[in-house]
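User: Hi! I'd like to go through the labels attached to this model and hear the reasoning behind each one.

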Amino acid sequence: MRLEGFDPLATALAWRLRFHYLRARKELAATPRKTWPPTDDVGGSRPRLGIVVVNFNTARLISQLLFSLYRILGRSEFTTAVVVDNGSTDGSREILESLAAAQLIQLVANADQQYHGPGLNQGISWLADRQESADPVDRIRYVWSLDSDVVVLRRDTARDALGAFEGTGAAAVGQIQDNPLTRRALRKNPAMLSPFSLILDAVQMWQPSIPPFLEDGDPAAGMQVAADADGLRLVSFPFVERGYLVHLGRGTLKSIAESRDTTNRYYEWAAGHNEPYYMGQEGAPSMYQRICEVFDEEVGDLTPERVTAACSGSDLLSLD
């Protein structure tokens, strides 16, 4: 049995976590959103991947992420990118508006702070709402949620991660979450997946029976507990270990701490937890420094015009 060999307190906490989410499952799953419509598999070489990111006052970080998607990963590797902005005031809204005007992203612009989980739900619902009217070859099946403080380092990142769905029947693919408590809350899967880089098979996961992202410190936990209870597969993929990307961690918390906005519900936590920790990834600071150098060389001043021009470049870049 999965919980044998663990101390009684940790086991009890894991059972309680699982019980909490499953007891509240119907209520959590009723969170407003657009259910993903049935999507038939179609042929062709176009990717069936949409990307969703939430931004709040991380102008440089969100610019670096989008730059890495367009100039390192390559626009041929995904269908569309949706950015949900939660009322940013640091200049990132203007950058995103410029990118949207250039048709590089779809912008969902909130007037005020909706927080991370609800923002992801907005972005995925935006994609779901457009599936039935889309041409079959343009329909999306997979949704990649990314934190704004991620940068993609390899051109094969999306391709290899999507390959993890093949032959596994996976409902979600992502970086394994190194948290003993959440791991023990599952029964049929070995571990939960971290939400900073998580790809969902939306046909399986974005349905009325599965809670969406929640507004709490672990927004994908309720979703994964319910999926596990339903027998859906959560498959790990080594985004970090194999250097597919770098996740700084705490990027938005840093902006919250620096704003001194005590009305933000995460301010007290952010005040003491705002330095990047890079997921413990060996060599990550130097890898991030390298992409900063490439970004600064291409962009220069962080203006809407310069970021848009850099993301619009047709030549793909290498960090080698």
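Analyst: Happy to help. This is a predicted model, and a good place to begin is a pair of helices. Helix H4 (residues 92-101) packs against helix H13 (residues 304-312) at an angle of about 45 degrees, and their axes are 8 Å apart.

User: Why are H4 and H13 called oblique to each other?

Analyst: Their angle is about 45 degrees. Roughly parallel needs an angle under 35 degrees, and roughly perpendicular runs from 65 to 115. The value fits neither range, so H4 and H13 count as oblique. As for handedness, the crossing of H4 and H13 is right-handed.

User: Which residues make the contact between H4 and H13?

Analyst: H4 contributes Glu94, Ile95, Ser98 and Leu99, while H13 contributes Pro304, Glu305, Val307, Thr308 and Cys311. By class, the residues of this contact are five nonpolar, two polar and two charged.

User: Cys311 makes me curious about disulfides. How many does the structure hold?

Analyst: The structure holds zero disulfides.

User: How do you know that cysteine 292 and cysteine 311 are too far apart for a bond?

Analyst: A disulfide requires two cysteine sulfur atoms within 2.5 Å. The sulfur closest to that of cysteine 292 belongs to cysteine 311, and it is 14 Å away, so the distance is too long for a bond. Looking from the other side, cysteine 311 is in no disulfide either, as its nearest cysteine sulfur is that of cysteine 292, at 14 Å.

User: And are these two cysteines buried or exposed?

Analyst: Buried means under 20% relative accessible area. Cysteine 292 has 8% relative accessibility, so it counts as buried. Cysteine 311, at 0%, therefore counts as buried too.

User: What makes helix H9 mostly covered?

Analyst: Helix H9 (residues 221-229) has nine residues, and eight of them are buried. Those are Ala221, Gly222, Met223, Gln224, Val225, Ala226, Ala227 and Asp228. Just after H9, glycine 231 takes a positive phi of about 85 degrees.

User: One last residue: what is tyrosine 142 in contact with, leaving aside its neighbours within four places in sequence?

Analyst: Tyrosine 142 lies in strand E4 (residues 142-146). Its contacts are Arg48, Leu49, Gly50, Leu162, Phe165, Ile199, Leu200 and Asp201, where contact means heavy atoms within 4.5 Å. As for leucine 22, tyrosine 142 is 120 residues from it in sequence and 25 Å from it in space, C-alpha to C-alpha.

Notes:
Residues are numbered from 1 along each chain as its sequence is written. This is a predicted model: local features need pLDDT of at least 70, side-chain atom pairs count only at pLDDT 80 or more; totals for chains, interfaces and linings use all residues. Side-chain values use heavy atoms; hydrogens and water are left out. Buried means under 20% relative accessible area, exposed over 50%, partly exposed in between (1.4 Å probe, protein chains only). Axes are lines fitted to C-alpha atoms, for helices over the stretch in contact, and angles run from 0 to 180 degrees between N-to-C directions. Helices (H or I, at least four residues) and strands (E, at least two) are DSSP runs, numbered from the N terminus. Angles under 35 degrees count as roughly parallel, over 145 as roughly antiparallel, 65 to 115 as roughly perpendicular and the rest as oblique. A crossing is left-handed if the near helix is turned anticlockwise from the far one by less than a right angle, and right-handed if clockwise. Ala, Val, Leu, Ile, Met, Phe, Trp, Tyr, Cys and Pro count as nonpolar, Asp, Glu, Lys and Arg as charged, and the others, Gly among them, as polar.
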